[in-house]
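I am opening this notebook to keep a record of what I looked up in one structure. The topics are its pocket, its ligand contacts, its salt bridges and its backbone angles.

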Amino acid sequence: MNPKTTILTGDRPTGPLHLGHYVGSLRQRVALQHDYQQFVLVADLQGLTDNGSNPQKIRDNIPEVLADYLAAGIDPDLTTLCLQSALPALAELTMLYMNIVTVARVERNPTVKNEIAQKGFARSLPAGFLVYPISQAADITAFKAEVVPVGDDQLPMIEQTNEIVHKMNSLLPAPVLRHCKAMLSDTSRLPGVDGNAKMSKSLGNTLHLSASEETIHRAVSAMYTDPHHLKVSDPGQIEGNVVFTWLDAFHADKAKVAAMKDHYQQGGLGDRICKNELEACLQELIAPMRERRATYIQDKSQLMEILKKGSERAHEVTQATLKEVKRGLGVPVF
Ligand code: ATP
Ligand code: MG
């Protein structure tokens with residue numbers, strides 16, 4: 001028995017990873033992998049829930065996401081990297097859980113509601129998309145994960161997972177599934193480069209972990225500040241000012257950022273200086289990741305081999321949970 005607490009997190013392979021992933025979850029995973037038993041799931045089936053007619057996009061992005069993981073510092077010797085579609089137990093648990101969750105409950109999930117509106121699905125909403133939080137509950141519980149490092153858009157998913165855990169355990173002769181808790185970072189929702197409340201692949205407002213020097217420069221230059229801060233001497237506003245939100249998220253010297261905020265609010269500190277400060281720390285953060293990533297992405301078969309090996313290990317763990325649930329429900333296990 002491994003005494004370490006288990007972590008499960010993952011990402012949809014819908015595009016290369018961005019700085020929202022980095023501050024919301026990746027940075028924590030890199031730190032936590034030493035002290036926890038950590039599984040990171042490339043959620044390709046979930047990626048298909050809103051890309052059903054474009055499976056090639058999901059396929060192509062699997063190695064991209066893996067290269068990002070390794071570049072960010074996830075070590076496959078410490079973290080098990082695995083692929084959702086290679087773990088049939090996850091799909092089977094999803095089927096079992098779907099029977100104990102009402103349609104009204106899935107429709108009430110605020111993150112899903114928001115995404116449905118953003119994507120303009122209306123009557124073309126894929127059934128799989130509506131129920132993806134149930135499949136996410138299957139992912140988390142199959143690994144018996146107790147800690148889930150995520151951005152705050154995922155809080156409704158954790159809540160729904162715990163409801164499923166409670167309900168399913170009550171149907172079994174003895175509890176099998178574990179309750180889990182979200183682990184939020186200090187920046188649980190990084191705004192996009194366009195000022196939108198969430199940086200997201202689907203919104204096209206991202207800065208990738210592999211962004212070029214020029215792309216970083218352009219993104220920071222165009223970044224939203226305080227529209228009323230017209231002259232340098234004008235007092236500026238911090239709230240809603242994306243440059244300061246990002247300085248909080250990325251700048252290592254918190255005291256310096258606090259002093260800059262005071263100065264900005266009093267007047268006399270120009271946007272250009274704040275942006276230069278932000279750009280310098282982003283360039284410093286991204287440059288080594290970009291370099292490492294360029295090397296990893298050259299050997300996609302090696303990346304897929306890492307994923308295959310991790311998936312074999314994850315297969316055993318998830319299959320064992322599925323068997324326990326099935327036995328508890330009285331479903332024959334041959
Ligand atoms: P998509 O638009 O395809 O849904 P995404 O950019 O939202 O992509 P996901 O793969 O859905 O990325 O999210 C993976 C993880 O990263 C989740 O834990 C999510 O909470 C976190 N995350 C994503 N975007 C942000 C963000 N802007 N700030 C903080 N965390 C984020
Ligand atoms: Mg998302």
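The entries below follow the order of my look-ups.

**Entry 1: the pocket.** I note at the outset that this is a predicted model. I looked up the largest pocket and found a volume of about 890 Å³, with a lining of 46 residues. Those that lie nearest its centre are Arg-12, His-21, Asp-153, Gln-154 and Lys-198. I then sorted the lining by residue class, and I wrote down 20 polar, 14 nonpolar and 12 charged residues.

Which element gives the most to the lining of the largest pocket? I found that H6 does, with 6 residues. At least two lining residues each come from strand S1 (6-11), helix H1 (19-32), helix H6 (110-119), helix H8 (132-142) and strand S4 (147-149).

**Entry 2: the ligand.** I counted 20 residues around ligand 1, and the closest are His-18, Asp-153, Lys-198, Ser-200 and Ser-202. Asp-153 and Lys-198 had already appeared in my list of residues nearest the centre of the largest pocket.

For polar contacts I noted that a side-chain N or O atom of His-18 lies 2.8 Å from an oxygen atom of ligand 1. For His-21, again through an N or O atom in the side chain, the distance to an oxygen atom of ligand 1 is 2.8 Å. With Lys-201 the contact is made by a backbone N or O atom, which is 2.9 Å from an oxygen atom of the ligand.

**Entry 3: salt bridges.** I found 15 salt bridges in the structure, and I followed three of them.

In the pair of Asp-50 and Arg-12, the closest N and O atoms are 3.0 Å apart. Asp-50 sits in the loop between helix H2 (44-48) and helix H3 (55-72), and Arg-12 in the loop between S1 and H1, so this bridge ties together parts 38 residues apart in sequence. Are these two residues buried or exposed? Asp-50 is buried at a relative accessible area of 19%, and Arg-12 also counts as buried, at 17%; I keep in mind that the cut-off for this class is under 20%. I also recorded that Arg-12, Asp-50 and Lys-119 are linked in a network of salt bridges.

The second pair is Glu-163 with Arg-105, whose side chains meet at 2.7 Å, N to O. This pair links distant parts of the chain, since Glu-163 belongs to helix H9 (residues 155-171) and Arg-105 to helix H5 (residues 103-108), 58 residues apart. Glu-163 is partly exposed at 34% relative accessibility, whereas Arg-105 is buried at 10%.

The third pair is Lys-261 with Asp-248, with 2.9 Å between the closest N and O atoms. Because Lys-261 lies in helix H12 (residues 254-266) and Asp-248 in helix H11 (residues 242-250), the pair ties together parts that are 13 residues apart in sequence. Asp-248 is partly exposed, with a relative accessible area of 36%.

**Entry 4: backbone angles.** I looked for positive phi values in residues other than glycine, and noted Ala-122 with phi near 45° and Lys-144 with phi near 55°. Ala-122 is in the loop between H6 and helix H7 (127-130), and its relative accessible area of 67% makes it exposed. Lys-144 is in the loop between H8 and S4, and at 16% relative accessibility this residue counts as buried.

Notes
Residues numbered from 1 in each chain as written. Chains lettered and ligands numbered in written order. Predicted model: local features only at pLDDT ≥ 70, side-chain atom pairs only at ≥ 80, totals over all residues. Heavy atoms only, no water. 1 Å grid on protein atoms, 1.4 Å probe; cavity = no way out; pocket = protein on both sides within 12 Å on 5 of 7 lines; lining within 4 Å. Points joined across faces, edges and corners; volume = space filled by probe spheres on them. Helix = DSSP H or I, 4+ residues; strand = E, 2+ residues; numbered from the N terminus. Nonpolar A, V, L, I, M, F, W, Y, C, P; charged D, E, K, R; others polar. Salt bridge = Lys/Arg side-chain N within 4 Å of Asp/Glu carboxyl O. Buried < 20%, exposed > 50% of the residue type's maximum accessible area, 1.4 Å probe, protein only. Near = heavy atom within 4 Å. Polar contact = N/O pair within 3.5 Å; in protein donor to acceptor, adjacent residues only side chain to side chain.
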